[in-house]
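Please open the structure in your viewer and keep the selection tool at hand. The tour proceeds from one selection to the next.

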Amino acid sequence: MNQIIFYGCGNISQTIIKGLILDGFAKKNILYIDRNPLNKKKLSQYGIKSADKSELTTTKNLIILAVKPKDTLAACKEISAVISAPQLISLVAGIKIKSLKKSFSSKASIVRAMPTSASTYKKGITAIYGERNSEELILNTKKLFSRVGISILLQEEVEMNNFTGLIGSGPAYFFYLLKIYNEHLLNLCGGKQRDVDAIIVNFLEGISSSISDGIDLDMAIDLIASKKGTTEAGINSLKDNNVLQLFEKGIISAINRSKEISNEYK
Ligand SMILES: NC(=O)c1ccc[n+]([C@@H]2O[C@H](COP(=O)([O-])OP(=O)(O)OC[C@H]3O[C@@H](n4cnc5c(N)ncnc54)[C@H](OP(=O)(O)O)[C@@H]3O)[C@@H](O)[C@H]2O)c1
């Protein structure tokens, strides 16, 4: 790999770029192509240079495709006009390798990666899927995304849908649940959002540390819940109201939506 070129450099690309820079990746080896003036301004502030389309022709350069699904076909056509057999990593949700390949020659190597936004803090989780004939690109993709978090290789492309619904969308579910904490804590902290933020950070880091210690989830609950105590009352109420089943329903809706998108862009 010589350089990486982000084709489409909005939210997720910038997230990854920040994580890579944090990991010591040389800025000069990160380039982008994007049409959005606001994104161009932000990238120039980070010291990231735009690429000329001719730079896509170097086969050793990795191209990371990160445009919205609706813009993907057009972007692939633009890329294939300058390089017919690129090394391409697609971050686009829902569009299968088979569909992406239609724009390129049979020698193109295409891998899918689904990163999470915490890549910006090197806390990302990236699912990677590639076909058997793309081993080298799969390896390079894994190496790249391991710099901004952990990455997992999927055995089947269809598993991308499960990963997207479970982990890709996952942070949003937790942000959503935290809204209830935010609201109650604001009352306790006299409306001081900064204090609330500090509490939520410690709260979540404490939970993370327990998991890092390898604690079993049921045991973790038992350690807090005492007989006839407050936690037991809270947990029982959550159980009585089928909160786990409802939460799972939300996740399944996201997985199903990911499958629908795959079918929309065949
Ligand atoms: N956001 C996430 O957390 C996340 C996580 C995993 C995967 N993804 C996937 O990543 C992809 C990008 O998501 P995003 O949230 O980063 O989108 P985004 O913020 O809209 O960024 C896409 C950028 O690409 C530009 N663009 C589109 N077509 C172009 C073209 N032909 N030539 C040059 N620039 C072009 C867009 O310009 P305009 O604004 O002018 O359209 C925009 O600046 C999506 O397919 C999404 O499924 C996102």
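Select strand β2, residues 30-33, together with β3: the two run parallel and are joined by 2 bridges. This is a predicted model. Within this pair, select Leu31, whose bridge partner in β3 is Lys49.

Next, display the whole sheet to which these strands belong. It is an open sheet of 8 strands with mixed pairing, in the order β3-β2-β1-β4-β5-β6-β7-β8. Which strands stand at the edges? They are β3 (49-50) and β8 (149-153); each has a single partner strand, so one side of each is left without a neighbour in the sheet. In general, the strands of a sheet pair through backbone hydrogen bonds, either parallel or antiparallel.

Now move to strand β7, residues 124-130. Is this strand mostly covered or mostly uncovered? It is mostly covered, with 6 of its 7 residues buried. Select strand β6, residues 109-114, as well: β6 and β7 pair in the antiparallel sense over 4 bridges. Here Arg112 has Tyr129 of β7 as its bridge partner. Then add β8, which pairs with β7 in the parallel sense over 5 bridges. In this pairing, Ala127 stands opposite Ile152 of β8.

Finally, leave the sheet and select Lys96, Lys98, Lys102 and Lys266, which form a positive surface patch. Among them, Lys98 lies in helix α4, residues 97-101. Is Lys98 buried or exposed? Lys98 is exposed, because its relative accessible area is 65%, and exposed means over 50%.

Terms used. Residues are numbered from 1 along each chain as its sequence is written. This is a predicted model: local features need pLDDT of at least 70, side-chain atom pairs count only at pLDDT 80 or more; totals for chains, interfaces and linings use all residues. Side-chain values use heavy atoms; hydrogens and water are left out. Patches are made of residues with over 30% relative accessible area and no salt bridge: like charges are joined within 9 Å, nonpolar side chains (Val, Leu, Ile, Met, Phe, Trp, Tyr) within 5 Å. Accessible areas come from the Shrake-Rupley method with a 1.4 Å probe; for residues, only the protein chains shown count as cover. A salt bridge is a side-chain nitrogen of Lys or Arg within 4 Å of a carboxyl oxygen of Asp or Glu. Lys and Arg count as positive and Asp and Glu as negative; His and the chain ends are not counted. The place of a charge is taken as NZ of Lys, CZ of Arg, CG of Asp or CD of Glu. Buried means under 20% relative accessible area, exposed over 50%, partly exposed in between (1.4 Å probe, protein chains only). Two strands pair if DSSP finds at least two bridges between them.
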